[in-house]
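Visitor: I have a model open and would like to go through it. Can you take my questions as they come?

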Amino acid sequence: MSNSYVLGIAVGIAFGIMLVAFIFSYLKKKGKDICEYDERQKLAQLKGWKAAFIAAVCFDIINAAVVEARGPWSGMMVMAICSLYVGVGAYAAVCIVKDAYTPLHRSAGRYILLLLALALVNIAIGALNCQSTGLIKNGMLTMSWVNFFAAALLIGIDAVYAIDVLVKRRRAGGLEREE
């Protein structure tokens, strides 16, 4: 990995943090609280963090066993990012199921569309990266796979979210019929 690549990643992360901080400060000045969660949601988020930690540790243990038995399947950075994605997926799934993923009084539709759009962007970026670096180099997965893994994670979270919304609508419809 070249120094310019690492510098590009660092600048991108710094820009993203600055953009998020700007958006939060702007909305705070306007008096809008975009992260309004009740106590039940905050407790559910704590359970999500616990699930994320356990999932990431289990992935790392299984990954270490596979690497020990068969050799590395990718570079260390790809393995670390996959571990992070497994944790994020576990957190999102627990929070979605326990209604703690979105703030109060927010509809799920905008988040489902946002996750789908981000997945499509990751697929496009992954395809562009594959043209320059390829998918497999020296028998190991390259960094080009990271975007495809991110897209799979986002589509999985989107699927959990959509299924949760449909199940809750069906339950609400069943309760209305019983009354």
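Guide: What follows goes from the overall fold to the core, then to one helix and one loop residue. Keep in mind that this is a predicted model.

Visitor: How many helices and strands are there in the protein?

Guide: There are 5 helices and 2 strands. Starting at the N terminus, their order is α-α-α-α-β-β-α.

Visitor: And the box that the C-alpha atoms fill, roughly what is it?

Guide: Roughly 65 × 40 × 30 Å, along the principal axes.

Visitor: What percentage of the residues count as buried?

Guide: Of 179 residues, 27% are buried. The accessible surface is about 12400 Å², and carbon and sulfur atoms make up 69% of that.

Visitor: What about contacts between residues 24 or more positions apart?

Guide: Taking contacts with a separation of 6 or more, 72% are between residues at least 24 positions apart.

Visitor: On to the largest nonpolar core. Which residues touch the most other members?

Guide: Y85, I157 and Y161 do, in a core of 18 residues. Two or more residues come from each of α3 (76–97), α4 (108–133) and α5 (144–178). The largest share is from α5, with 8 residues.

Visitor: What is Y161 in contact with, leaving aside its neighbours within four places in sequence?

Guide: Y161 contacts I96, Y101, T102, A108, Y111, I112 and L115.

Visitor: Which residues does the second core include?

Guide: A44, A52, Y91 and C95 are among its 5 residues, and this core is separate from the largest one.

Visitor: Changing topic to α4. How far does α4 reach from its first C-alpha to its last?

Guide: 37 Å over 26 residues, which is close to the expected 38 Å. The buried residues of α4 are A108, I112, L115, A119, N122, G126 and C130.

Visitor: What follows α4?

Guide: G134, with a positive phi near 85 degrees.

Visitor: One more, S74. Where is its place?

Guide: S74 is in the loop between α2 (39–70) and α3.

Visitor: Buried or exposed, and why?

Guide: S74 counts as buried because its relative accessible area is 2%, and the cut-off for buried is under 20%. Not counting residues up to four places away in sequence, S74 touches M79, M140 and L141.

Visitor: Last, the charges. How far apart are the mean positions of the positive and negative ones?

Guide: They are 6 Å apart, for 18 positive and 12 negative charges.

Note on methods:
Residues numbered from 1 in each chain as written. Predicted model: local features only at pLDDT ≥ 70, side-chain atom pairs only at ≥ 80, totals over all residues. Heavy atoms only, no water. Core = buried A, V, L, I, M, F, W, Y, C linked by side-chain atoms within 4.5 Å. Buried < 20%, exposed > 50% of the residue type's maximum accessible area, 1.4 Å probe, protein only. Helix = DSSP H or I, 4+ residues; strand = E, 2+ residues; numbered from the N terminus. Contact = heavy atoms within 4.5 Å. Expected span 1.5 Å × (residues − 1). Areas by Shrake-Rupley, 256 points an atom, 1.4 Å probe, with all protein chains shown as cover. Lys, Arg positive; Asp, Glu negative; His and termini not counted. Charge placed at Lys NZ, Arg CZ, Asp CG, Glu CD.
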